[in-house]
Amino acid sequence: MTIKEYESYYVPAQSKWPIVGAIALFLIAVGAANYVANLNNPENAGGGWVLLAGIALIIYMMFGWFNNVITESMSGKYSHQMDNSFRQGMSWFIFSEVMFFAAFFGALLYARTFSVPWLDGAGNNAATAIILWPEFTATWPLIKTPDGTETTAMGWYGLPLINTILLLTSSITAHFAHVSLEQNKRGLLKFWLGLTVVLGVVFLFCQGLEYAHGYADEMKLYLDSGIYGNTFYLLTGFHGMHVTLGTIMLFVMLIRVFKGHFTPKNHFAFQAASWYWHFVDVVWVILFVFVYII
Amino acid sequence: MTTDVIDDQSEHDSHDGEHHDHKMTGIKRWLYTTNHKDIGSMYLWFSFIMFLTGGAMALVIRAELFQPGLQIIEPDFFNQMTTVHGLIMVFGAIMPAFTGLANWMLPMMVGAPDMALPRLNNWSFWILPFAFAILLSSFFMESGAPNFGWTFYAPLSTTYSNGSTAFFVFAVHIMGISSIMGAINIVVTIMNMRAPGMTYMKMPLFVWTFFITAYLLIAVMPVLAGTVTMVLTDTYFGTSFFDAAGGGDPVMFQHIFWFFGHPEVYIMILPAFGIVSTTIPAFSRKPLFGYSSMVYATASIAFLSFIVWAHHMFTTGMPLFGELFFMYCTMLIAVPTGVKVFNWAATMWRGSLSFETPMLFSIAFVILFTIGGFSGLMLAMTPADFQYHDTYFVVAHFHYVLVTGALFSIFAGAYYWLPKWTGYMYNDTLSKWHFWCSLISVNLLFFPMHFLGLAGMPRRIPDYALQFADFNKWVSIGGFAFGISQLIFLVLVIKCIRGGEKAPMKPWDGAEGLEWTVPSPAPYHTFTTPPKID
């Protein structure tokens, strides 16, 4: 890299957005904590409103902050090196998200491999099984917990399989959208990107249907139905939240495409959204294997 | 490493372009800032305030433990004190102090104009005071603050927790976001912003240690977020991750927590290695002995930190294979750590030593951290650990590595760079008082804890058997002496900011590195044009 490129590294001036974001996060945390702590105490549940105010403020911050970045980018203030900073920052952010999911996958695998069999006396735990819950039998999915809660396992065929196909397809369409952008075929770009957003929305809809099935009386698969229900809902739920975020990101990119943003060479935001999309897709594949199939 | 001193820095500052806006004044300067030096200063001040806050809690604990019996506080409040003392010192004092040092020094050391993502940098800092406001606010709630220990073991933090757990959980979430964003900024700055010619193996060791630490942070802080999330759902939404009745396991909490927790303790010590690897060569007037072995040792320690977590849980009834695996892996860490201690000693060997305050703290670090390392080795032995587990021996061990280790290195770094930050030399007499008072009192405070632990005194209790009374009296006296000694540092820093003897560009004749090629105090913007490194 030449000296000239270094000289043009853009250090932004003072900005009010970070402190707005800090206050927003504060409201979200206080509101959420208050709301959760008063779940059984509805007359004292002002926390929900604080939470909503925080979310509104953080959306306002994102508009303002990204608006600044887009304006700076389009006025040519960013060098190749700046672009690298953004790319590396986004990659490590996605890595941190991977580790967040790893915690829950770790819990799932630990429960399946160790804690459930041990409760049934595996290893040197015969006494545990005899004294605590002699009736308990270890199975996975754990459809009957040691304290007797019964539930039903979600099969992998049907909706989950359709969802897998939807999400895998959407990763491919996202890739086609990227290729179209690089070849400067704007019409195709709009088509593939729009299709990706639609697939994301359909996925979320199917996920909602699946939850409705789970909570229906035939299945009785609830969040608190023992370790199987816990890991099922937290893993698919956090994944669903990430799909929601990813869909919003892609939708914003679609709006920006219609506004004429991005060039074949310069489209970091688009790329970041598409990386994020591929990441939620990969998480789903792992999830499909470990939560549904095996 | 040799460096070409860049041509007059002020020349660059005079024809500054649009990104050289004048400083805002007043509160807006600090709220809106994107400047790594401003943000670094805020981190350092925040961490010092938190250090005094957490220290005050430690003194409440020591006041209660001065005599056997219950005198001053209720047992539940005692538990709140130990819990919040730990949380504050780990997440509020040590980690932000290191991030502050990173912010101040990394861009100058790699020859960059600022951190790579300056606005994100501001956000990373400013969410932190809010997180601690939430955590501390729980003292004023009906339920009181968290009382389950900073390790928040389930079911203490779930089934048996008081009403403030949700606030604890969301406060920790924000601390985690702050650390992850800060770490991403450090990684990107180091990967992407180094001056031309500064290859990885030419980076100062300080930069290397922060680089590796940042990776550890990105890898494990999200796991902590997952852990507190599971605690939240177990407490409020009826899940049973950590409840055997639903198929979960309280021991699983410990596995997930310590998968975060063990790398976390290295997050608090690897930057300390970087600091003393900077100061010891400077005051020995010799280059660091075995630079590349230091880099590889740091990386090895970081790698090993991921496969030793269960040595915190030897008494939970793991399978024998697990006990042996984690014991041997833990002992293996002694090898790269030994390499480091050897290299620091070898750097001083036949050096032309002088004993300015940063060097005093660094030498104290090497010796006292090694004591903490040895007691760690004792704890690593599974059969012996059954005896030491949850006694004051453990408390002695981790305070030796975190106070005389991490904290002393932060003092060493602060004294080393204060002239660069403020433009003035600090008061040498006061600094010597600070060092000697701290050194004597800290050993009075923590050394007898070894004996207490070996004799069987459990940790986290407000009352104890009579035979522990004498040692506890001395420990408490040491604690108060150490606490008061830190006020000397506060006075010294304020005096140093307000004036004193003018600091030259390079006040330490043995110092190396780009930060000494710019004036003292360092100009608001440094290295808008990168220096050339041979």
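**Figure 1. A:Lys220, a residue with a positive phi in a loop of chain A.** In this predicted model, A:Lys220 counts as partly exposed because 15 C-beta neighbours lie inside 10 Å, and a residue would need 20 or more to be called buried. The residue belongs to the loop that runs between α7 (186–215) and α8 of chain A. Its phi is near 55 degrees, which is a positive value in a residue other than glycine. Most residues other than glycine have a negative phi.

**Figure 2. Helix α8 of chain A and the glycine that follows this helix.** Helix α8 of chain A covers residues 226–258, and its 33 residues should span 48 Å at 1.5 Å a residue. The C-alpha atoms at its two ends are 47 Å apart, which agrees with that expected span. After α8(A) comes A:Gly260, whose phi is positive and near 90 degrees.

**Figure 3. The contact of α4(A) with α9(A).** The axes of α4(A) and of helix α9 (residues 268–293) of chain A come within 11 Å and cross at roughly 15 degrees. The two helices are therefore roughly parallel to each other, since angles under 35 degrees count as such. Their crossing is right-handed. From α4(A), the residues that meet α9(A) include A:Phe86, A:Met90, A:Ile94, A:Phe101 and A:Phe105, while among their partners in α9(A) are A:Trp275, A:Tyr276, A:Phe279 and A:Phe290. Divided by class, this contact has 13 nonpolar, no polar and 3 charged residues. An α-helix has 3.6 residues a turn, so residues three or four places apart point the same way.

**Figure 4. The contact of α4(B) with α6(B).** In chain B, the axes of helix α4 (residues 75–110) and helix α6 (residues 165–192) come within 11 Å and cross at roughly 20 degrees. That angle makes α4(B) roughly parallel to α6(B), and α4(B) passes α6(B) in a left-handed crossing. On the side of α4(B), the contact is made by B:Phe91, B:Met95, B:Thr99, B:Ala102, B:Leu106, B:Pro107 and B:Val110. On the side of α6(B), the contact is made by B:Met175, B:Ser179, B:Gly182, B:Ile186, B:Thr189 and B:Ile190. The residues of this contact divide into 9 nonpolar, 4 polar and no charged.

**Figure 5. Where chain A touches chain B.** The contact between the chains takes 60 residues from chain A and 61 residues from chain B. On the side of chain A, the elements that give two or more residues are α1 (3–7), α2 (17–37), α4 (80–119) and α8. Helix α4(A) gives the most to this side, with 22 residues. By class, the side of chain A that touches chain B has 39 nonpolar, 16 polar and 5 charged residues.

**Figure 6. The surroundings of B:Thr347 in helix α12 of chain B.** Helix α12 of chain B covers residues 334–348, and B:Thr347 is found in this helix. B:Thr347 is buried because 22 other C-beta atoms lie within 10 Å, and the cut-off for a buried residue is 20 or more. Leaving aside residues up to four places away in sequence, B:Thr347 touches B:Ile280, B:Pro281, B:Ser284, B:Lys286, B:Leu288 and B:Phe289. B:Thr347 and B:Arg285 are 62 residues apart in sequence, yet their C-alpha atoms are 8.9 Å apart in space.

**Figure 7. Two cis peptide bonds that lead into prolines, in chain A and in chain B.** The peptide bond from A:Trp140 to A:Pro141 is cis, with omega near 0 degrees, and A:Pro141 has its place in the loop between α5 (126–131) and α6 (159–182) of chain A. In chain B, a cis peptide bond joins B:Ala154 and B:Pro155, with omega about 5 degrees. B:Pro155 is found in the loop between α5 (118–137) and α6 of chain B. Most peptide bonds are trans.

**Figure 8. B:Arg460, a residue with a positive phi in a loop of chain B.** B:Arg460 has a positive phi of about 60 degrees although it is not a glycine. The residue is found in the loop between α16 (428–454) and α17 (469–498) of chain B. With 15 other C-beta atoms within 10 Å, B:Arg460 is partly exposed.

Notes:
Residues numbered from 1 in each chain as written. Chains lettered and ligands numbered in written order. Predicted model: local features only at pLDDT ≥ 70, side-chain atom pairs only at ≥ 80, totals over all residues. Helix = DSSP H or I, 4+ residues; strand = E, 2+ residues; numbered from the N terminus. Expected span 1.5 Å × (residues − 1). Axes fitted to C-alpha atoms, helices over the stretch in contact; angles between N-to-C directions. Parallel < 35°, antiparallel > 145°, perpendicular 65-115°, else oblique. Left-handed = near helix turned anticlockwise from the far one by under 90°. Contact = placed C-beta atoms within 7 Å. Nonpolar A, V, L, I, M, F, W, Y, C, P; charged D, E, K, R; others polar. Buried ≥ 20, exposed ≤ 12 C-beta atoms within 10 Å, placed from the backbone.
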